[in-house]
Amino acid sequence: MKITMAKELKQKPDSNCLGFGKYFTDHMLVMKYDAAKGGWQETEIMPYGNFSLDPASCVLHYGQGIFEGLKAYKNEKGEITMFRPSDNFKRMNRSAERLCMPTLDVDRAVSELEQLVELEKDWIPTQKGTSLYIRPFMVADEAFLGVHPSKKYIFCIILSPVGSYYANGLAPVKIYVEDELTRAAVGGTGEAKCLGNYAASLLGAEKAKKMGYEQVLWLDAAEKKYVEEVGAMNMFFVIDGTVVTPMLDGSILPGITRNSAIQVLKKGGYKVEERHVSVDEILDALKNGKLDEAFGTGTAAVISPVGNIGYKDKVYTINNNEIGKISLWLYDQITGIQTGRLEDTFGWVYHFKK
Ligand code: PLP
Ligand code: COI
């Protein structure tokens, strides 16, 4: 790997007001792919900076691009860790296959990421609720206007010190059930973390924002009946004591936090069901006082309680707009494992070699 150090280092932001995705570290990792040169080329760590792209680059026209999101932490002993990094690169490879893009060697990607994070370790914030967000992405970079898979790609990893994704931290969020626009359909790209899915979600998100909501709860494209997921998180509902989450049927992202939450909940003795969940079932549970809590899971969002759900012209309040017992317990468990406060009995924490 080639390493070129930045001549000047940036001033680090105040870790009390990081927000999400606003600051970027001094270096980034870049690896180029060229089918004519045998595939992936040597990885480079270089100063964070602009790319130069041909105006005909395929990603600019047809959106052939994918990304990932994971986090690194520094614990009380100063030890650096990452949460389930191999799972992110495995998912990236599944997204790559769906978009006809080249896959990565997972072990190589994790070990090169480790070198980048090690170099930028002074950027890892340690305050409660903060971390170093890692954003790997890959875009098609061949200059041509025909629609076919590119023969050139850029894989890049950038790093951003972050606080909470939502402006009000762990306070319950307000979500709007979108029953006109859809984000993804079975057979489409919903389960891939590809650029177009997020572009397709913007109009619904803007509509919801104008009505005072933080996020959109998407429904299935065919019947607009079943709950899918929220813009940046998977959804869970606690109905009459049972934790229910939409099953992975091809149109929602198989979230790594979702998977962690299911395992932690089951180990904690909770009953968890992965199945179709209709809006009607949720509204009925609300009316009958059986919807105990609702929350979302995601790398950026961590565990985010949902306090209000808007559907058609009505707003429904869940658990008095307060953080539920299970949401809080799960937040504590997941962040405890991630930051080293609790023992990692699942083998999810990646420890740096040094
Ligand atoms: N769903 C969508 C659409 C997302 O963008 C994300 C964020 O990555 C998630 C769910 C949660 O996935 P994960 O827990 O792997 O971050
Ligand atoms: C993540 O949680 O890593 C995400 O990718 C969410 C992002 C769309 C902000």
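Colleague: What makes Phe67 buried or exposed in this predicted model?

Modeller: Phe67 has a relative accessible area of 10%. Buried means under 20%, so Phe67 is buried.

Colleague: Why is the pair of Phe67 and Tyr198 called edge-to-face?

Modeller: The structure holds 16 aromatic pairs. In the pair of Phe67 and Tyr198 the ring centres are 4.8 Å apart and the planes stand at 65°. Centres within 6.5 Å make a pair, and planes over 60 degrees apart count as edge-to-face, so both conditions are met by Phe67 and Tyr198.

Colleague: Which parts does that pair tie together?

Modeller: Phe67 belongs to strand S5 (residues 65-67) and Tyr198 to helix H4 (residues 195-210), so parts 131 residues apart in sequence are tied together. Tyr198 has a relative accessible area of 22% and is therefore partly exposed. The ring of Tyr198 also has the charged end of Arg183 over it, 6.0 Å from its centre.

Colleague: How do you know that Glu178 and Lys207 form a salt bridge?

Modeller: Their side chains meet at 3.0 Å, N to O. The limit is 4 Å, so the pair qualifies as a salt bridge. Glu178 lies in strand S10 (residues 173-178) and Lys207 in helix H4, so this bridge links parts 29 residues apart in sequence. Glu178 is buried at 0% relative accessibility, while Lys207 is partly exposed at 25%.

Colleague: Which parts does the salt bridge of Lys353 and Glu114 tie together?

Modeller: The closest N and O atoms of Lys353 and Glu114 are 3.1 Å apart. Lys353 is in the segment after strand S19 (349-351) and Glu114 is in helix H3 (residues 106-119), so the parts joined are 239 residues apart in sequence. Lys353 has a relative accessible area of 63% and is exposed, whereas Glu114, at 7%, is buried.

Colleague: What makes Lys271, Glu273, Arg275 and Glu281 one network?

Modeller: Glu281 and Arg275 form a salt bridge, with their closest N and O atoms 2.8 Å apart. Salt bridges that share partners connect these two residues with Lys271 and Glu273. A search of the whole structure finds 16 salt bridges.

Colleague: Why does Asp26 have no salt bridge?

Modeller: The nearest side chain of opposite charge, that of Lys12, is 4.6 Å away. A salt bridge needs a separation within 4 Å, so Asp26 is buried without one. Asp26 does have polar partners: its side chain reaches the backbone nitrogen of Lys10 at 2.8 Å, and a polar contact of 2.9 Å joins it to the side chain of Trp123. Lys10 in turn lies over the face of Tyr48, at 4.4 Å from the ring centre.

Colleague: What is notable about the phi of Lys224?

Modeller: Most residues other than glycine have a negative phi. Lys224 is not a glycine, yet its phi is positive, about 50°. Lys224 is found in the loop between strand S11 (215-219) and strand S12 (227-230). Asn321 likewise has a positive phi, near 60°, and is found in the loop between strand S18 (314-317) and helix H7 (325-339).

Colleague: Are Lys224 and Asn321 buried or exposed, and how do you know?

Modeller: Lys224 has 28% relative accessibility and Asn321 has 34%. Buried is under 20% and exposed is over 50%, so Lys224 and Asn321 count as partly exposed.

How values were computed
Residues are numbered from 1 along each chain as its sequence is written. Chains are lettered from A and ligands numbered from 1 in the order in which they are written. This is a predicted model: local features need pLDDT of at least 70, side-chain atom pairs count only at pLDDT 80 or more; totals for chains, interfaces and linings use all residues. Side-chain values use heavy atoms; hydrogens and water are left out. Buried means under 20% relative accessible area, exposed over 50%, partly exposed in between (1.4 Å probe, protein chains only). Lys and Arg count as positive and Asp and Glu as negative; His and the chain ends are not counted. A polar contact is a pair of N or O atoms within 3.5 Å; within protein, one must be able to donate a hydrogen and the other to accept it, and residues adjacent in sequence count only if both atoms are side-chain atoms. Rings of Phe, Tyr and Trp (its six-membered ring) pair if their centres lie within 6.5 Å; planes under 30 degrees apart count as stacked, over 60 as edge-to-face and the rest as tilted. Helices (H or I, at least four residues) and strands (E, at least two) are DSSP runs, numbered from the N terminus. A charge sits over a ring if NZ of Lys or CZ of Arg is within 6 Å of the ring centre and within 35 degrees of the ring normal.
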